[in-house]
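Hi everyone, thanks for coming. I'd like to walk you through a structure that may be new to you, so let's put it up on the screen.

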Amino acid sequence: MSPYVRTVKTASGARAVQIVYSSRRGSREIEHIGSAHDDAELETLKAVARQRLAAGQEELDLGLEGSPSEGGPLEIVSSRMEHLWDALSRAYDTLGFPAAAGGDEVFRQMVLARVIEPASKQDSLRVLAEAGIDAVSYATVKRRLPNYATPQWRHALAGACATHARLGPASLVLYDVSTLYFETDSGDGFREPGFPKERRLDPQITIGLLTDSSGFPLMVTGFEGNKAETHTMLPVITEFMAAHDLPDVTIVADAGMISEANKKAIEAAGLSFILGMKIPDVPYAVKQWRREHPDTPIPDGHIFVQPWPSGASRPRRDQMIYYQYRADRARRTLRGIDEQVAKAQRAIDGQAPVKRNRFIKLSGATKSVNTELVGKAKALAGLKGYITNLAACPDGTPVTAKFVIDSYHRLFEIEKSFRMSKHDLKARPIYHHKRESIDAHLTIVFAALAVGRWIEARTGWSIKKFVRTARRCRTIRIQAGNHVLTAADPLPSGLRDALKQIHHPEGAH
C-alpha cells in the first residue's frame, strides 16, 4: 500500500499532519510533519507533506495542461518589493506630496519608480510591475504629463517642500546651477548651446536648483541653455519668496554665480546673502598683516576681517568681508602655479606647443613668463573670500566669521543634490523634445530628489544603497489550497534598523 497524508486531532485541539507508510503485513511508520492551529497552517502543512511524498518520484507527462500533480510546486499569487515601496511611500506621504498633487496616484508611481530605477516613462511601467505594483497604462501617463509641467503643479510641490523644511525669515537657502545636454544637432530656443558643465557642444538647458541648508530641494527651474548662470538666481529666489510669502531669506551662493551686476540686483531687492567672492588683488587687511608680521607665515585657518560700510553714493546695508587662509589650499594652489609656469616656460623655449596659459606674456612676437602675474598669484595662494550683509544670524545672535564660512561650506549639500539628480536619478531628459515634456520630467525628478534626500536624512544611507538593499527583500503570496499564504525574505539587520527609522512616527529633517 502506498504512503498517504492524514490529519488527526491532537489532545490540545490542534490538527496534526502526518505521512503514513504502511505495508500488507500491518506494520506502519508515521512521519509527523507538524501541527496546525488554523486552516491556513493546515493547508501549508498538507502542501509540505504532498511535496515530500513527491520528492524523488518521476512524473509521467500525459500532455494534460492545467492538471498539476498534488505534489507540484505551489502557485505564487504575487511578489512585491513591499519594504521598499512602503518606505518610499512613507517619504512621499510625509513630505505632503499627496495633497500637493491632488491625490494623483499616477504622479506617485512615476516619482517612486524613478527612485527605484530611473527609466523612460514607458519603461517605468516595467519597473512598477517588477516591484509588484499595479501600474496604470502608458496612455494614462501621457495624458497626465502636461499637468506636471504647469507652474501651479510645481509651485504646489515647492510649497510642500518649503513647509517640510520649516523655512522662516532669514533662513539659509543654497542656490546653484547645472546643465543637462541633449543629443540633437540644433537648438530650438530652449535647448541651446551654452556653457556646459560637461564641456560638450550639444544643445543644453540650464537648471537652477534652490535647496535649504541641508540640501533638501525647495524649487527647480529650467532656463534656456544659453542663459548666463548669473541671470538665473534672482528670478528663482524672488519667485520662491513671493509664492511662499517669505519677507527675506539668506542666499548662499558660490563666487561663480555672482557678477557685480547680480550682486547689485540682490542688494537692490533687499535680500540677505552670504557669497563667495573672487579676490583680484591682495586685500588691504592681508597686506597690513604682512607688514606687521614680516617674514612670518600666515597661520593656518587665520581669518582677516574687513568691514565694508555703506556709502552715501550707494546706499545699502553695511557689509563684512572675511578672508580665510588655509595652508592646504595654499599648498595645492602653489603646486598648480608651478606646473603652469613650467608649461609656460616649455612653450616659450619651443619644447611644447603654445596653449592657453595665463602666465605667458606676449609682446609682439616675443614670449616670456609673466613674473608679475606669477608673484601676484602666489601672494593670493591659500586665501578665500566671503562677503555678507547679515546684521544678525537667523537665531538673532551676532554674526561671526565661523557662521559665515560654515554656512558657505554648506554648498557641498546642493552639489550632492545635483550629483543625485544626475547619477542616481539620471535626470538628463534624453528623449524629450518639447518644453512641456522637459518641464514635466524635471518636476518628477525634483519630487524624486526630495524623496531620496528624506530617506537619506532618516537612515544615514545613500538612496542608492537603500534601494539596492531593500529591493532584494520581497513579500510573496502563495496559493495553498483555498488559502493564500504570505512569505517574506528575511531582513538584514541594517535594513531592519533603517526601516524602523523611516517608519518612526516623529517627523524627520
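Let me begin with a question: what percentage of the residues in the protein are buried? Of the 509 residues, 44% are buried. Please keep in mind that this is a predicted model.

Now the overall picture. You can follow 17 helices and 16 strands through the protein. Take the contacts with a separation of 6 or more: 61% of them are between residues 24 or more positions apart. As for the outside, the accessible surface comes to about 26,500 Å², and carbon and sulfur atoms account for 51% of that area.

Let's visit two residues, starting with Ala-285. You'll find Ala-285 in helix H10, which covers residues 284-292. Is Ala-285 buried or exposed? Ala-285 counts as buried because its relative accessible area is 12%, and the cut-off for buried is under 20%. What does Ala-285 touch, leaving aside residues up to four places away in sequence? The answer is Phe-304, Val-305 and Gln-306. Val-305 is 20 residues from Ala-285 along the chain, with 7.1 Å between their C-alpha atoms.

Our second stop is Arg-468, which sits in helix H16, residues 463-470. Arg-468 has a relative accessibility of 46%, so it counts as partly exposed; that class lies between the 20% and 50% cut-offs. Arg-468 also belongs to a positive surface patch. Which other residues form that patch? They are Lys-426, Lys-464, Lys-465 and Arg-472.

To recap our two stops: Ala-285 is buried, and Arg-468 is partly exposed. Thanks for listening!

How values were computed:
Residues are numbered from 1 along each chain as its sequence is written. This is a predicted model: local features need pLDDT of at least 70, side-chain atom pairs count only at pLDDT 80 or more; totals for chains, interfaces and linings use all residues. Side-chain values use heavy atoms; hydrogens and water are left out. Patches are made of residues with over 30% relative accessible area and no salt bridge: like charges are joined within 9 Å, nonpolar side chains (Val, Leu, Ile, Met, Phe, Trp, Tyr) within 5 Å. Accessible areas come from the Shrake-Rupley method with a 1.4 Å probe; for residues, only the protein chains shown count as cover. A salt bridge is a side-chain nitrogen of Lys or Arg within 4 Å of a carboxyl oxygen of Asp or Glu. Lys and Arg count as positive and Asp and Glu as negative; His and the chain ends are not counted. The place of a charge is taken as NZ of Lys, CZ of Arg, CG of Asp or CD of Glu. Helices (H or I, at least four residues) and strands (E, at least two) are DSSP runs, numbered from the N terminus. Buried means under 20% relative accessible area, exposed over 50%, partly exposed in between (1.4 Å probe, protein chains only). Contact means heavy atoms within 4.5 Å.
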